[in-house]
4 protein chains.
Amino acid sequence: MHIGFIGLGKMGYNLVVNLLRHKHTVVGYDINEELVNGIKAEGAEGVTTLEALYESLPEPRVLWLMIPAGPLVDTVINQLLAFLHPGDTLIDGGNSHYQDSVRRHQFLKERGIGYVDCGTSGGMSGALNGACTMYGGDPEVVEPLHQVFKDISVENGSLYTGPAGSGHFTKMVHNGIEYGMMQSIAEGFEVLEKSQFPFDYEAVARLWNNGSVIRSWLMELTENAFRKDAKLDEIKGRMHSSGEGKWTLETALDLGVPTPVIALSLLMRYRSLQDDTFTGKVVAALRNEFGGHAVEKK
Amino acid sequence: MHIGFIGLGKMGYNLVVNLLRHKHTVVGYDINEELVNGIKAEGAEGVTTLEALYESLPEPRVLWLMIPAGPLVDTVINQLLAFLHPGDTLIDGGNSHYQDSVRRHQFLKERGIGYVDCGTSGGMSGALNGACTMYGGDPEVVEPLHQVFKDISVENGSLYTGPAGSGHFTKMVHNGIEYGMMQSIAEGFEVLEKSQFPFDYEAVARLWNNGSVIRSWLMELTENAFRKDAKLDEIKGRMHSSGEGKWTLETALDLGVPTPVIALSLLMRYRSLQDDTFTGKVVAALRNEFGGHAVEKK
Amino acid sequence: MHIGFIGLGKMGYNLVVNLLRHKHTVVGYDINEELVNGIKAEGAEGVTTLEALYESLPEPRVLWLMIPAGPLVDTVINQLLAFLHPGDTLIDGGNSHYQDSVRRHQFLKERGIGYVDCGTSGGMSGALNGACTMYGGDPEVVEPLHQVFKDISVENGSLYTGPAGSGHFTKMVHNGIEYGMMQSIAEGFEVLEKSQFPFDYEAVARLWNNGSVIRSWLMELTENAFRKDAKLDEIKGRMHSSGEGKWTLETALDLGVPTPVIALSLLMRYRSLQDDTFTGKVVAALRNEFGGHAVEKK
Amino acid sequence: MHIGFIGLGKMGYNLVVNLLRHKHTVVGYDINEELVNGIKAEGAEGVTTLEALYESLPEPRVLWLMIPAGPLVDTVINQLLAFLHPGDTLIDGGNSHYQDSVRRHQFLKERGIGYVDCGTSGGMSGALNGACTMYGGDPEVVEPLHQVFKDISVENGSLYTGPAGSGHFTKMVHNGIEYGMMQSIAEGFEVLEKSQFPFDYEAVARLWNNGSVIRSWLMELTENAFRKDAKLDEIKGRMHSSGEGKWTLETALDLGVPTPVIALSLLMRYRSLQDDTFTGKVVAALRNEFGGHAVEKK
């Protein structure tokens, strides 16, 4: 298939290379010229304006967005409206909120333009060598795209999840589970670390990856991490997050689903970004008030 | 009543003064001579050996322990065994684990000695001016003590809770609830603090103490704390704990009771004592492994 | 002051009676004629159309909304726009989301109409006999209203919290704390209930209300509840919620504040509304898959 | 190696077959004669008394216990004391508490008997076809056993973890992580289930097992479970537990490690075993007390 690709960041770049390897024709666009030159060296065409991107594609156009979720997606969609014709298809491969995808699908559908929301998992190596893709949209719109998603994914690693929004919904929940799994693994290693036993964390992670109930890709990555830095002495335990765990919890709240583990995985990330807490100050002050327990002074 | 009082720390000292005010005769014992002299100035007798303490009391003896919970209680009980006679009564007014109290009751009962476990709440000011006492023991043993507990407590502030161990059990659960309430209040104030509004925390606490659903002594103490230090700038948010919250959670686990709020109140205290966490390091390392998200270096 | 009061439900009705007792002149409006007749018997004027309500008030008008939070508030505001003039003031005394209040304040300010958001705590008895009110708005708009809020509140039970939205924000956080406190108390009593001791819950609650650290109005209500039904045998443990706990958590997520206790208080409410859970089915199925642990069949 | 195997339940039986396949000589013992006959048919010797078991082994004896954790292990060890000689080795392959293992190791070491604590993961199929084994003990005692553990495990699936107790400690933490992972996965699927989209859970699980960040053996088992029962309609969501999650949390509490996700995974299991809760009754009663919110009657 002939695809216009918007956004050549670390995920987008790797996906384009992946597409090229599977004999798809890709025109890559980015505002960063260096990235455009890079993707040309990989065998793609490269352009630096959306107009040029659009002109370079056969009708009906298929455009793949791989840009940071949020208002930027709406901005780019609005810019593209100048070019898009009925029958064209826009794939949002980024981490957009599923409700935005439902809205954008409706907005574009009213203009005759197909919209597909595709969540992509597997990290950068997956983007390059075989991703996991989950995509939603109208059946007639996704029909010509099944093979593309299949090509860039590992075997059985692509799924048409249903109506528009369901692809990003699936990816959102995937990330919620990921938060919980990561926190579970991490808590376990902290229990090991505080114990009386002199564990070799890399060895334990490798062990658990071979035959245990908790073997998993995340445990393999844990093994890798400890191989590089046996006690993680070099890094700080500040756990940033990019939004999908929060969306999962907010969605669970809207749906009335009790998700304590996903909730706490997120809240502990927030806590990790604080050096001191107002909550702690209040509790320390209260203990001092009623029990005369000394507070620690700054 | 004529009472031998062992342990003149901040709680014990205040309780003795409280007993004296209610016309009880108290012989105070402590290894710290200064405290013994102090309590003598308050109108108690004072001794510095357990033998002297015991000799100074009429039969049957009533002894009140107010010492740090744990092995020290067993140590003192073993020392007292040299003196105690059948018919004597030992009150443990400290924060002992209820299972220790059940055990000690059985041990002393076999020797004809009465045992009463008394939990005491209300902080230091309560100990002095009217505490909240909850006590367990054999009915015939507690019978002569009801009035003593009533005297040192505020009106309706003493309760015979049932069999030995139930007094300390009641106090333990009281503290578990206290942990949850304190964390609830503190989280609320942190939401205020992070908001867009310039709240006056003392004013809000005072407001909430007058007519609101959450009016409580802990909120009054919150008001006091903010009056002294408007934003708690002077103190660190390190939340220590002295064991009863942990016991409540452990007991809940043994009983199969889901107590997520008490659990998290405790775990956030532990978290507050850590500057960085191994959990956080593992999660940060994993995010780097799969997503190329930068870790923060030490 | 002469006040037009919109909404004579259980909270509104009691507030009007409270206002009347403090010599304010109130015109009550409700679509339910029975409630209007009731409030007339209490000494208020009563009307059944917004137009009549508006006509009955001296300029500048002061209107107090006490209706269910949500779209209905916007609907009523839009209906009132036909009558309202610059200089009039609208008080929203319901449980509106603070962001709605910020928005409505801006919307009305552009039309010269004052807007005050007032959170009200204390339950129905408070509404009648002395509430706890926390209100935000522009200083010049709230200026003539301070005395009104003071009148209907207990002593020190009213507070001007700052800019528009801050009143409902304060009430929202108050409710978040309330969720946590209630869950704390409830968990504690479940630990008592599952223990080996035959506790008298009413007696324990009364005890804790007298001299203990956790004495509070909620504990007094706990005592009342056990007085009426010693083991709560008559009622189901289904914990409904009306939104403010959810808002507090959502706000905390937006502000990056870790509030695990408020979060879990809410999630356990959701859990209590489920008879069986899909989460549980998945875990049970997994235990069967790897360990051969029997699942319970429906 | 020549091994006496005590306990031919589902895990033990499979491990013996696994040992036999690797050319080890096994004498199987169980009080259930049927199981003994079964294992004889597999190529092991079989006995029905501990004396016969002991007599059948060459010196120094190696005995492998695979029996339910708890007091039964001490009982069997005490029975074996009648036969064991210095130089013999006892392997506890069950899910014993690591502190029991530390104690038993010390007890047996004082009698010249070697003790090895071995945690086994991988479920029944792992026991048969390649397990994951983590074992602790004195270096000279485990030296002759490394090859045995290697034989019955998958490649890289056995690890000598260090001093006595560390094997069971590692297995305990493994199970704590397992609890958290299972709850994470299950919460995610409940969010899918409550959503507006008609997901095919088996398809989603299969997708996530191919290329996604959360691919794992537990997700494969999830896929299997949904293949057998597409919506798990047939089973109840009651989540039993066999103790190791509780031990992990208790150990974390002792070590001062905040493990909120492991804690909540456990508490939600407890919650799933309750049809109604006292906690819920108290909260419902309180809402009725202050707000007049209707309670649901039984």
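At what angle do helix 11 of chain C and helix 14 of chain D pack, and how far apart are their axes?

**Entry 1. Helices across chains C and D**

I began with this pair, keeping in mind that the model is predicted. For helix 11 of chain C, residues 217-228, and helix 14 of chain D, residues 278-291, I noted an angle of about 105° and axes lying 9 Å apart. Since angles from 65 to 115 degrees count as roughly perpendicular, I therefore wrote down helix 11 of chain C and helix 14 of chain D as roughly perpendicular to each other. I then listed who makes the contact: helix 11 of chain C brings C:Trp217, C:Leu218, C:Leu221, C:Thr222, C:Asn224, C:Ala225, C:Phe226 and C:Lys228, while helix 14 of chain D brings D:Phe278, D:Val282, D:Ala285, D:Leu286, D:Glu289 and D:Phe290. Sorted by class, the contact of these two helices holds 10 nonpolar residues, two polar and two charged.

**Entry 2. A helix pair within chain A**

I next looked up helix 4 (residues 71-80) and helix 5 (residues 98-109) of chain A, which pack at an angle of about 10° with 12 Å between their axes. Angles under 35 degrees count as roughly parallel, so I recorded helix 4 of chain A as roughly parallel to helix 5 of chain A. On the helix 4 side I found A:Val73, A:Asp74, A:Ile77 and A:Asn78, and these meet A:Arg103, A:Arg104, A:Phe107 and A:Leu108 of helix 5 of chain A. By class, I have this contact down as four nonpolar residues, one polar and three charged.

**Entry 3. The two domains of chain A**

Where do the bounds of the domains of chain A fall? I have domain 1 at 2-163 and domain 2 at 171-273, and the centres of the two domains, taken over C-alpha atoms, are separated by 30 Å. For the contact between the domains of chain A, I noted 11 residues of domain 1 and seven of domain 2. Together the domains bury about 730 Å², and 62% of this area comes from carbon and sulfur atoms. On the domain 1 side, the residues that lose the most area to domain 2 of chain A are A:Asn95, A:His97 and A:Tyr98, which together account for 51% of what that side buries. I looked for salt bridges between domain 1 and domain 2 of chain A, and the count is zero.

**Entry 4. Chain D with chain A, then with chain B**

For chain A and chain D, I recorded 68 residues of chain A in contact with 67 residues of chain D, and a buried area of about 5,700 Å², with carbon and sulfur atoms giving 78% of it. How many salt bridges are found across the interface of chain A and chain D? I have to enter zero for this interface.

For chain B and chain D, the contact takes in 19 residues of chain B and 19 residues of chain D, and the two chains bury about 1,600 Å² between them, 77% of it on carbon and sulfur atoms. I noted B:Leu253, B:Pro258 and B:Leu267 in particular, which supply 37% of the area that chain B buries against chain D, more than any other three residues. Here the count is two salt bridges, and I followed up a salt bridge in which the side chains of D:Lys246 and B:Asp254 meet at 2.7 Å, N to O.

**Entry 5. Backbone details in chains B and C**

I last turned to the backbone. In chain B, a cis peptide bond joins B:Glu59 and B:Pro60, with omega about -15°, and I placed B:Pro60 in the loop between helix 3 (50-55) and strand 4 (62-65) of chain B. In chain C, I found C:Glu59 and C:Pro60 joined by a cis peptide bond, omega being about -15°, with C:Pro60 in the loop between helix 3 (50-55) and strand 4 (62-65) of chain C. I also noted that B:Lys23, a residue other than glycine, has a positive phi near 70°, and that B:Lys23 lies in the loop between helix 1 (10-21) and strand 2 (25-29) of chain B.

Key. Residues are numbered from 1 along each chain as its sequence is written. Chains are lettered from A and ligands numbered from 1 in the order in which they are written. This is a predicted model: local features need pLDDT of at least 70, side-chain atom pairs count only at pLDDT 80 or more; totals for chains, interfaces and linings use all residues. Side-chain values use heavy atoms; hydrogens and water are left out. Axes are lines fitted to C-alpha atoms, for helices over the stretch in contact, and angles run from 0 to 180 degrees between N-to-C directions. Helices (H or I, at least four residues) and strands (E, at least two) are DSSP runs, numbered from the N terminus. Angles under 35 degrees count as roughly parallel, over 145 as roughly antiparallel, 65 to 115 as roughly perpendicular and the rest as oblique. Contact means heavy atoms within 4.5 Å. Ala, Val, Leu, Ile, Met, Phe, Trp, Tyr, Cys and Pro count as nonpolar, Asp, Glu, Lys and Arg as charged, and the others, Gly among them, as polar. Domain bounds come from an automatic or database domain assignment. Buried area is the accessible area (1.4 Å probe) that two parts lose on being put together, summed over both. A salt bridge is a side-chain nitrogen of Lys or Arg within 4 Å of a carboxyl oxygen of Asp or Glu.
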